[in-house]
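Colleague: Please take a close look at one part of this model for me, the last helix and the elements around it, and explain each term as you go.

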Amino acid sequence: MRTNRRSLVGVIVVSVLVGLYLVFTLFPFYWMLNTALKSNQSAYNIPPQFYPHEPVLANFTRLFGEDAAIIRFFFNSLVIGFGTVAVCLIAGTLAGYSLSRFKLRFKRILLAMILMSQMFPRALLLIPIYVYAVEVKIFDTYWALIIADSAMALPYCVWLMKGYIDTIPREIEDAAKIDG
């Protein structure tokens, strides 16, 4: 009887905590949709309305209809994101494999430098990347942003790939060499 009461109290406490967590995490999405369905004037009312009394779709037609700039912004994000991922995967995998498998003279120093590069703020790279982009004449192109994002993400990618390749047994590579 006592254990049933404890388990019931535990279930209730967990359910209340999960419910509070869901309200806390989902409320911003609700508020975003709520504000999108309001007119500009009613969006700034004090006290705020927790549901739109007169829903308006003009915000969505302005977003997707008039000049459709959001589609261009989305396309830019896709190009830069996929380009950065491709550069980081290729270069990070090659560097991680070589740091993991080959006996290099200054491997520890190189790994420490890669780790230390993550300790500096990203803003330190802005001016050198800007100067590079202007000199190479790729300023205001996708390539400039892909290079900038890759320069910031590559040390982390190398560190992760090296750690992952360390977990792969060398016998698998030996077996692959034997099998051709």
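Modeller: The crossing of H6 and H7 is right-handed (the near helix is turned clockwise from the far one by less than a right angle; anticlockwise would be left-handed). The model is a predicted one, in which local features need pLDDT of at least 70 and side-chain atom pairs count only at pLDDT 80 or more, while totals for chains, interfaces and linings use all residues. Residues are numbered from 1 along each chain as its sequence is written, and side-chain values use heavy atoms, with hydrogens and water left out.

H6 covers residues 126-135 and H7 covers residues 142-167 (helices are DSSP runs of H or I with at least four residues, numbered from the N terminus). Their axes come within 10 Å and cross at roughly 145 degrees (axes are lines fitted to C-alpha atoms over the stretch in contact, with angles from 0 to 180 degrees between N-to-C directions). On the H6 side, the contact is made by Leu126, Ile129, Tyr132 and Ala133, and these meet Ala144, Ile147, Ala148, Ala151 and Met152 of H7 (contact means heavy atoms within 4.5 Å). By class, this contact has 9 nonpolar, no polar and no charged residues (Ala, Val, Leu, Ile, Met, Phe, Trp, Tyr, Cys and Pro count as nonpolar, Asp, Glu, Lys and Arg as charged, and the others, Gly among them, as polar).

In the loop between H6 and H7 lies Lys137, a residue other than glycine whose phi nevertheless has a positive value, near 65 degrees.

H6 and H7 also each supply at least two residues of the lining of the largest pocket, and the largest share of that lining, 5 residues, comes from H7. A pocket is an open set of points on a 1 Å grid where a 1.4 Å probe fits, with protein on both sides within 12 Å along at least five of seven lines, and lining residues have an atom within 4 Å of a point. About 210 Å³ of space lies in the largest pocket, the volume being the space filled by probe spheres set on the points. Leu126, Ile129 and Ala133, named above in the contact of H6 with H7, are among the lining residues, which also include Tyr130, Phe139, Asp140, Thr141 and Tyr142. By class, the lining has 10 nonpolar, 1 polar and 1 charged residues.

H7 meets other helices as well. The axes of H5, residues 107-117, and H7 come within 9 Å and cross at roughly 130 degrees, which makes H5 oblique to H7 (angles under 35 degrees count as roughly parallel, over 145 as roughly antiparallel, 65 to 115 as roughly perpendicular and the rest as oblique). Here the crossing is left-handed, and Leu111, Ile114, Leu115 and Ser117 in H5 meet Pro155, Val158, Trp159 and Lys162 in H7. That contact has 6 nonpolar, 1 polar and 1 charged residues.

Finally, the axes of H4, residues 69-101, and H7 come within 6 Å and cross at roughly 40 degrees, and H4 and H7 are therefore oblique to each other. Their crossing is right-handed, and the contact of H4 with H7 has 19 nonpolar, 8 polar and 5 charged residues.
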